[in-house]
Amino acid sequence: IIGPNLVITGNFEQGNTGFSSDYGPPQGCAFGPLSVPGTYEVNTSPANTHINFAACQDNSNVGIGQMLVANGSQIAGDDIWCQTVQVVPGNDYIYSAFATSVVPGTPANLQLTIDGATVASLQLGSTTCDWEFFGANYNSGASTQVELCITNLETADGGKDFALDDIEFRPVCQGTETVTVEVSDIQTTVVATTEEICGGDGMGSAEVQASGGIVASEYTYLW
């Protein structure tokens, strides 16, 4: 059983809230709010943030939903998104997200990390507005909280611009059911018989009486 999403506003519908980032806010310039590498904005379309970014729609809420759009940083190790969540020690979780390139050149190389350790990677393709899923299973071990982050390893000059959406961290819960199986100990006794008359029209018969078991009225017979 998959439990509820523990990430706050992982679909960015509440705007720029609930997470931290090494990237800076929009600075604006000739190309738009995200003209400078290492900046991000929550918006309904990448095209609203940079004149060269594709007009992508939200991954799951097409036409009206929001996403995180980033002009990729040139500093290795910069986290674009981080959030700390509480976990149950020894429990299994599924950590996942969707991402897409917003320009075709030099696609981003994204990493999902937990407490600094990479658990999943995604080398984005050059096709813009093509939302790609990546994720991994994770066991919390002795931890009671973990820091989830997403970073981009591509630091080339130019390109590496992308969008994120629908970030999730869900517990895998154990489900149990109780089933009671009752076995009937049915005893049968032949109480009367008639013999078949050879060469005649008469048919033989046998009367069988059942006893014991759980519900006598539900007995059925197959001859």
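This tour proceeds from the whole chain to one sheet, then to an aromatic cluster and a glycine.

The model is predicted, so local features require pLDDT of at least 70 and side-chain atom pairs count only at pLDDT 80 or more, while totals for chains, interfaces and linings use all residues. Residues are numbered from 1 along each chain as its sequence is written, and side-chain values use heavy atoms, with hydrogens and water left out.

**The whole chain**

Display the protein chain first. Its secondary structure comprises zero helices and eleven strands; helices (H or I, at least four residues) and strands (E, at least two) are DSSP runs, numbered from the N terminus. Of the 223 residues, 38% are buried, where buried means under 20% relative accessible area, exposed over 50%, and partly exposed in between (1.4 Å probe, protein chains only). Among contacts with a separation of 6 or more, 68% join residues 24 or more positions apart; a contact means heavy atoms within 4.5 Å. The accessible surface is about 12200 Å², with 50% belonging to carbon and sulfur atoms (Shrake-Rupley method, 1.4 Å probe; for residues, only the protein chains shown count as cover).

**The four-stranded sheet**

Next, select strands 3, 8, 5 and 6. They form an open sheet in the order 3-8-5-6, with antiparallel pairing; two strands pair if DSSP finds at least two bridges between them. Strand 3 (79–86) and strand 6 (117–123) each have a single partner strand and stand at the edges, so one side of each lacks a neighbour in the sheet. Within the sheet, select strand 5 (residues 109–114) and strand 8 (residues 145–152), which pair in the antiparallel sense over five bridges. To inspect one bridge, pick Leu112, whose partner in strand 8 is Ile150.

**The aromatic cluster**

Now select Tyr93, Tyr95, Tyr138 and Phe169, which form one aromatic cluster. The whole structure holds six aromatic pairs: rings of Phe, Tyr and Trp (its six-membered ring) pair if their centres lie within 6.5 Å, and planes under 30 degrees apart count as stacked, over 60 as edge-to-face and the rest as tilted. Tyr95 and Phe169 form an edge-to-face pair, 5.9 Å centre to centre with 75 degrees between the planes. This pair links distant parts of the chain, with Tyr95 in strand 4 (residues 92–101) and Phe169 in strand 9 (residues 162–172), 74 residues apart. Tyr95 counts as buried because its relative accessibility is 0%, and Phe169 is likewise buried at 0%.

**Gly32**

Finally, select Gly32, in the segment before strand 1 (39–43). Gly32 counts as buried at 17% relative accessibility. Add His50 to the selection: Gly32 and His50 are 18 residues apart in sequence and 4.6 Å apart in space, C-alpha to C-alpha.
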